[in-house]
Amino acid sequence: MNSKILSLGAFLGLIAVILGAFGAHGLQGLISPEQIATFETGVRYQMYHALFLLFLGTSPTVNAKTKQIIFYLVLFGVLLFSGSIYGLATNSLTAFNFKTIGFITPIGGLLLIISWLLLLIKFLKNRTDISKN
């Protein structure tokens with residue numbers, strides 16, 4: 001599982017750097033500065049979660065089952081949250097109206113929040129288990 005987590009973290013990081021460069025250079029003049037800022041928000045959250053996965057994949061204190069759950073929460077959370085933000089920010093450049101699926105942005109955000117909450121609960125549980133011994 002650690003290999004899958006680390007691979008996804010590296011992939012999301014790679015794509016975040018590419019999309020960040022594209023947003024900073026390729027979208028200038030095509031969309032408004034506000035839309036570029038929105039696009040950058042998606043990039044930023046994608047990179048945060050790429051780093052989160054890299055941490056998770058190297059953490060010996062989180063069991064495999066918890067890692068697997070967090071892996072899928074982050075995967076789908078980034079796809080829904082950052083993916084929908086990319087679509088909404090570049091909506092004027094496409095034939096598809098991403099505003100019709102804008103409701104998935106908060107769903108993706110909720111999945112990301114749950115992934116962090118699950119990690120916090122795991123750390124607190126580990127701390128409690130250690131103090132009992």
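These legends accompany close-up views of a predicted model.

**View 1. Helix α1 and its end-to-end span.** Helix α1 covers residues 2-26. At 1.5 Å a residue, its 25 residues should span 36 Å. The end C-alpha atoms lie 35 Å apart, which agrees.

**View 2. The buried residues of α1 and their packing partners.** Buried positions in α1 are Ile5, Leu8, Gly9, Leu12, Gly13, Ala16 and Gly23. Three of the names are glycines: Gly9, Gly13 and Gly23. Two helices receive the buried residues of α1: α2 (33-58) and α3 (64-89).

**View 3. Threonine 66 in helix α3.** Threonine 66 belongs to helix α3. Is threonine 66 buried or exposed? Its relative accessibility is 11%, so threonine 66 counts as buried; the cut-off for buried is under 20%. Which residues does threonine 66 contact, leaving aside neighbours within four places in sequence? They are Leu118 and Lys122.

**View 4. Leucine 88 and its contacts.** Leucine 88 also sits in helix α3. Its relative accessible area is 28%, so leucine 88 is partly exposed. Residues up to four places away in sequence are not counted here; beyond them, leucine 88 touches Phe98, Lys99, Gly102 and Thr105. Isoleucine 101 is 13 residues from leucine 88 along the chain. The C-alpha atoms of leucine 88 and isoleucine 101 are separated by 9.0 Å.

**View 5. Leucine 120 and a nonpolar surface patch.** Helix α4 runs over residues 104-132 and holds leucine 120. Leucine 120 has a relative accessible area of 44%, which means that it is partly exposed. The value passes the cut-off for patch residues, over 30%. Leu120 joins Leu117, Ile121 and Leu124 in a nonpolar surface patch. The patch amounts to about 350 Å².

**View 6. Segments listed as transmembrane.** The unreviewed UniProt entry lists residues 45-62, 69-89 and 101-124 under "transmembrane region". How much of the chain is helix over residues 45-62? In the model, that stretch is 78% helix and 0% strand. Its end C-alpha atoms are 22 Å apart. Residues 69-89 are 100% helix and 0% strand. For residues 69-89, the end C-alpha atoms are 29 Å apart.

Notes: Residues are numbered from 1 along each chain as its sequence is written. This is a predicted model: local features need pLDDT of at least 70, side-chain atom pairs count only at pLDDT 80 or more; totals for chains, interfaces and linings use all residues. Side-chain values use heavy atoms; hydrogens and water are left out. Patches are made of residues with over 30% relative accessible area and no salt bridge: like charges are joined within 9 Å, nonpolar side chains (Val, Leu, Ile, Met, Phe, Trp, Tyr) within 5 Å. Accessible areas come from the Shrake-Rupley method with a 1.4 Å probe; for residues, only the protein chains shown count as cover. A salt bridge is a side-chain nitrogen of Lys or Arg within 4 Å of a carboxyl oxygen of Asp or Glu. Helices (H or I, at least four residues) and strands (E, at least two) are DSSP runs, numbered from the N terminus. Buried means under 20% relative accessible area, exposed over 50%, partly exposed in between (1.4 Å probe, protein chains only). UniProt positions are given in the numbering used here, feature names are shortened, and annotations may be inferred rather than shown by experiment. The expected span of a helix is 1.5 Å times one less than its number of residues. Contact means heavy atoms within 4.5 Å.
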